[in-house]
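Opened a new page for this one. I want to start with charged contacts, then work outwards to the rest of the fold.

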Amino acid sequence: ADEIDTQNVCAACEFALLSMDFGILTPCIHRASRGLGMREGLRGVGVAAVECLVAYRLGQMKPSRGAKDAFLFVQRWFAANQGLKGCSLEAVQKILKFDMSMVSAKDLTEIV
């Protein structure tokens, strides 16, 4: 669990969810609380891990404050897993589990 960093947090989270290993999941959640800026290790990561990390990140603050970080993370995840391009706003909302209308107009302009 000490080796969980930005490059392997997604894979570790996915493994922890599948094996119900909270000893691994806890450091993953702790890492997500510091931000979702990771760019490596997103290819092949399942929806459950993305939902878990995003939900925890958004739960740490008002959705409007963590929304940009979470949305950009999901965009990078989509890009890393080709074929998810053109995903609808509704699909993104399902993963992010909050109303995108909570994102400020300035942030929405920057991320879309």
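Entry 1, the charge pair. I looked up aspartate 69 and arginine 57 and found their side chains meeting in a salt bridge, 2.7 Å from N to O. Aspartate 69 sits in helix 4 (residues 63-80) and arginine 57 in helix 3 (residues 47-59), so the pair ties together parts 12 residues apart in sequence. I noted that this is a predicted model. Are the two partners buried or exposed? I checked, and aspartate 69 and arginine 57 are both buried. I also looked for further pairs, but the structure holds 1 salt bridge.

Entry 2, the overall fold. I counted 6 helices and 0 strands. Reading along the sequence, I get α-α-α-α-α-α. The protein has 112 residues, and 39% of them are buried. For contacts with a separation of 6 or more, I find that 65% are between residues 24 or more positions apart. I put the exposed surface at about 6400 Å², with carbon and sulfur atoms supplying 55% of it.

Entry 3, the core. Which residues touch the most other members of the largest nonpolar core? My list reads Cys10, Val50, Leu53, Val54, Phe73, Val74 and Trp77, out of 27 residues in that core. Helix 1, helix 2 (22-33), helix 3 and helix 4 each give two or more residues to this core. Helix 3 makes the largest contribution, with 6 residues.

Entry 4, the aromatics. I found 1 aromatic pair in the structure. The ring centres of tryptophan 77 and phenylalanine 78 are 5.2 Å apart and the planes stand at 40°, so I logged the pair as tilted. Tryptophan 77 is buried, and phenylalanine 78 is buried too. Trp77 had already turned up in my core list, among the residues that touch the most other members.

Entry 5, helix 1. Which residues of helix 1 (residues 9-19) are buried? I wrote down Val9, Cys10, Ala12, Cys13 and Ala16. They span an arc of only 165° around the axis, which puts them on the same side of helix 1. Cys10 is another name I recognise from the core list. Last, I looked at what comes just after helix 1: methionine 20 takes a positive phi of about 55°.

Methods:
Residues numbered from 1 in each chain as written. Predicted model: local features only at pLDDT ≥ 70, side-chain atom pairs only at ≥ 80, totals over all residues. Heavy atoms only, no water. Buried < 20%, exposed > 50% of the residue type's maximum accessible area, 1.4 Å probe, protein only. Helix = DSSP H or I, 4+ residues; strand = E, 2+ residues; numbered from the N terminus. Arc of directions from axis to C-beta. Salt bridge = Lys/Arg side-chain N within 4 Å of Asp/Glu carboxyl O. Core = buried A, V, L, I, M, F, W, Y, C linked by side-chain atoms within 4.5 Å. Phe/Tyr/Trp six-rings, centres within 6.5 Å; stacked < 30°, edge-to-face > 60°. Contact = heavy atoms within 4.5 Å. Areas by Shrake-Rupley, 256 points an atom, 1.4 Å probe, with all protein chains shown as cover.
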